[in-house]
Amino acid sequence: LAMADQGSSQFRVWWRHWSVVFILAVSAGLVVWAMLNLGPWLNNLKEWRAAKTAREQIKQIEKAYREDTYGGKTPEETFDMFISALEKGDVELASKYFVLNKQEQWRKTLEEYRSKTLLGDLINELKNNKSNWRIFKEEEEAKSYRYSYVVETPFVEEFPLGNGKTQNLTHPAGKFSAEITFEKNILANIWKISIL
């Protein structure tokens, strides 16, 4: 009986030892299998998530462009709407006639003009520019107008950049030209100011 108990005890020790080895071997095998097979699957999952995020961002951008109603059917009409908003002192509305990614920057800049009571000068300058502009570059979704102006006496002008920042611009005497560019928002079928 003592021999049987001793044999049974040795069997249990042997069984525990080899069952631990078996469990470790199976676990190691599963880890190796997971490394070989789950890596590409996880990469595919990451790529799928990145693509889904990109699609959602594109939808949001398209929605913003589709819902943008601030602009005219022609660049000239948009420019007139922009000047009209400035004449009313509504810089918030005026900034909405710019392409979406420049609206906030222009809102701040126009706010600086208004706070320094320079909107009247800006409006007169813009009207003068429009009165002598000519189409310089014309594409289906972009148009640029070139205009010329004369500076009779050199002067320094403080130009608001927005965020409370300004830049001093020195205007030498002479004849100069500049451009105003418009881009077409094809999703809303309106023209926006791109470069002023």
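This is a walk through a pair of helices and the aromatic residues beside them, in a model that is predicted.

Let us start with the helices. Helix 2 covers residues 75-87 and helix 5 covers residues 119-131. Their axes lie 10 Å apart, and the two pack at an angle of about 160°. Angles over 145 degrees count as roughly antiparallel, and helix 2 and helix 5 are therefore roughly antiparallel to each other. If you look at how they cross, you will find that the crossing is left-handed.

Which residues of helix 2 and helix 5 meet? From helix 2 come Glu 76, Phe 79, Asp 80, Phe 82, Ile 83, Leu 86 and Glu 87. Facing them in helix 5 are Leu 119, Leu 122, Ile 123, Leu 126, Lys 127 and Lys 130. Sorted by class, this contact holds eight nonpolar residues and five charged ones, with no polar residues.

Now pick out Phe 79 in helix 2 and stay with it for a moment. Its relative accessibility is 0%, so Phe 79 counts as buried. Leaving aside residues up to four places away in sequence, Phe 79 touches Leu 126, Lys 130, Trp 133, Ile 180, Phe 182, Ile 193 and Leu 196. As for Gln 103, which is 24 residues from Phe 79 along the chain, the C-alpha atoms of the two are separated by 15 Å.

Phe 79 also leads us to the aromatic rings. A pair of aromatic rings is described by the distance of the centres and the angle of the planes. Counting rings whose centres lie within 6.5 Å, the model has eleven aromatic pairs. In one of them, Phe 79 and Trp 133 have ring centres 4.9 Å apart and planes at 50°, so this pair is tilted. Phe 79 belongs to helix 2, while Trp 133 sits in the loop between helix 5 and strand 1 (134-138), so the pair ties together parts that are 54 residues apart in sequence. Both Phe 79 and Trp 133 are buried.

From Trp 133 we can step on to Tyr 145. The ring centres of Trp 133 and Tyr 145 are 4.4 Å apart and their planes are at 25°, so the pair is stacked. Because Trp 133 is in the loop between helix 5 and strand 1 and Tyr 145 is in strand 2 (residues 142-151), this pair ties together parts that are twelve residues apart in sequence. Tyr 145 is buried, as is Trp 133.

Finally, take in the wider group: ring pairs link Phe 79, Phe 82, Phe 98, Trp 106, Trp 133, Tyr 145 and Phe 182 into a cluster. Two of these names, Phe 79 and Phe 82, also appear among the helix 2 residues that meet helix 5.

Key
Residues are numbered from 1 along each chain as its sequence is written. This is a predicted model: local features need pLDDT of at least 70, side-chain atom pairs count only at pLDDT 80 or more; totals for chains, interfaces and linings use all residues. Side-chain values use heavy atoms; hydrogens and water are left out. Axes are lines fitted to C-alpha atoms, for helices over the stretch in contact, and angles run from 0 to 180 degrees between N-to-C directions. Helices (H or I, at least four residues) and strands (E, at least two) are DSSP runs, numbered from the N terminus. Angles under 35 degrees count as roughly parallel, over 145 as roughly antiparallel, 65 to 115 as roughly perpendicular and the rest as oblique. A crossing is left-handed if the near helix is turned anticlockwise from the far one by less than a right angle, and right-handed if clockwise. Contact means heavy atoms within 4.5 Å. Ala, Val, Leu, Ile, Met, Phe, Trp, Tyr, Cys and Pro count as nonpolar, Asp, Glu, Lys and Arg as charged, and the others, Gly among them, as polar. Rings of Phe, Tyr and Trp (its six-membered ring) pair if their centres lie within 6.5 Å; planes under 30 degrees apart count as stacked, over 60 as edge-to-face and the rest as tilted. Buried means under 20% relative accessible area, exposed over 50%, partly exposed in between (1.4 Å probe, protein chains only).
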